[in-house]
Amino acid sequence: MAQTAQTVPDKVSEASNGAAAPEVISGGHLVAKALKAEGVEVIFTLCGGHIIDIYDGCVDEGIEVVDVRHEQVAAHAADGYARIT
């Protein structure tokens, strides 16, 4: 009995109507898009590996990322920035 080869469709060809497959977006980029939609121009943050994807999204969205060395500094810097802008 002869068997025919079957191919597994890739993500792009799954859309049989000619439309491209939907773009995959990360949660960090979604956070950045939400921040941009709210008018955020600058974030003050204490860097950590768990939020690097948010930083990437912010850079892509044109949001300035200000990294500080202590959480209280971030809060005071954000407060000062908000008061003078």
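Here is a short walk through the fold, from its overall layout to a few individual residues.

Let us begin with the whole chain. The model is predicted, and its protein chain contains 3 helices and 2 strands. Read from the N terminus, these elements follow one another in the order α-β-α-β-α. Of the 85 residues in the protein chain, 15% count as buried. If you look at contacts with a separation of 6 or more, 43% of them join residues that lie 24 or more positions apart.

Now turn to the two strands. Strand β1 and strand β2, the latter made of residues 64-68, pair in the parallel sense over 5 bridges. To get from β1 to β2, the chain passes through helix α2 (residues 52-61), and this β-α-β crossover is right-handed. Two pairs of residues help you find the register: Ile43 stands opposite Val65 in β2, and Leu46 stands opposite Val68 in that strand.

The connecting helix deserves a visit of its own. Which residues of α2 are buried? They are Tyr55, Gly57 and Cys58. These residues lie on the same side of α2, because they cover an arc of only 160 degrees around the axis. The partners they pack against are α1 (27-37), β1 and β2. On the face of α2 turned away from that buried side, you will find the exposed residues Val59 and Asp60. Just past the helix comes Gly62, with a positive phi near 85 degrees.

Two of those buried helix residues lead us into the interior. Tyr55 and Cys58 belong to the largest nonpolar core, a set of 6 residues that also includes Ala32, Ile43, Ile51 and Ile63. Ile63 is a good place to pause: neighbours within four places in sequence aside, its contacts are Ala32, Leu35, Lys36, Val40, Glu41, Val42, Ile43 and Cys58.

Back in β1, which spans residues 42-46, we can stop at Thr45. Is Thr45 buried or exposed? With a relative accessible area of 10%, Thr45 falls below the 20% cut-off, so it counts as buried. Setting aside residues up to four places away in sequence, Thr45 touches Ile51, Tyr55, Val65, Val66, Asp67, Val68 and Ala74. Its C-alpha atom is also separated by 8.5 Å from that of His70, a residue 25 places away along the chain.

Finally, a look at the cysteines. Cys58, which we met in the core, has a relative accessible area of 0% and is therefore buried. Cys47 has a relative accessibility of 43%, so this residue counts as partly exposed. A disulfide is a covalent bond between the sulfur atoms of two cysteines. How many disulfides does the structure hold? The number is 0.

Terms used
Residues are numbered from 1 along each chain as its sequence is written. This is a predicted model: local features need pLDDT of at least 70, side-chain atom pairs count only at pLDDT 80 or more; totals for chains, interfaces and linings use all residues. Side-chain values use heavy atoms; hydrogens and water are left out. Helices (H or I, at least four residues) and strands (E, at least two) are DSSP runs, numbered from the N terminus. Buried means under 20% relative accessible area, exposed over 50%, partly exposed in between (1.4 Å probe, protein chains only). Contact means heavy atoms within 4.5 Å. Two strands pair if DSSP finds at least two bridges between them. A crossover is right-handed if, with the strands pointing away from the viewer, the path from the first strand over the helix to the second runs clockwise. A disulfide is a pair of cysteine sulfur atoms within 2.5 Å. A nonpolar core is a set of buried Ala, Val, Leu, Ile, Met, Phe, Trp, Tyr and Cys residues joined through side-chain atoms within 4.5 Å. The arc is that of the directions from the helix axis to the C-beta atoms.
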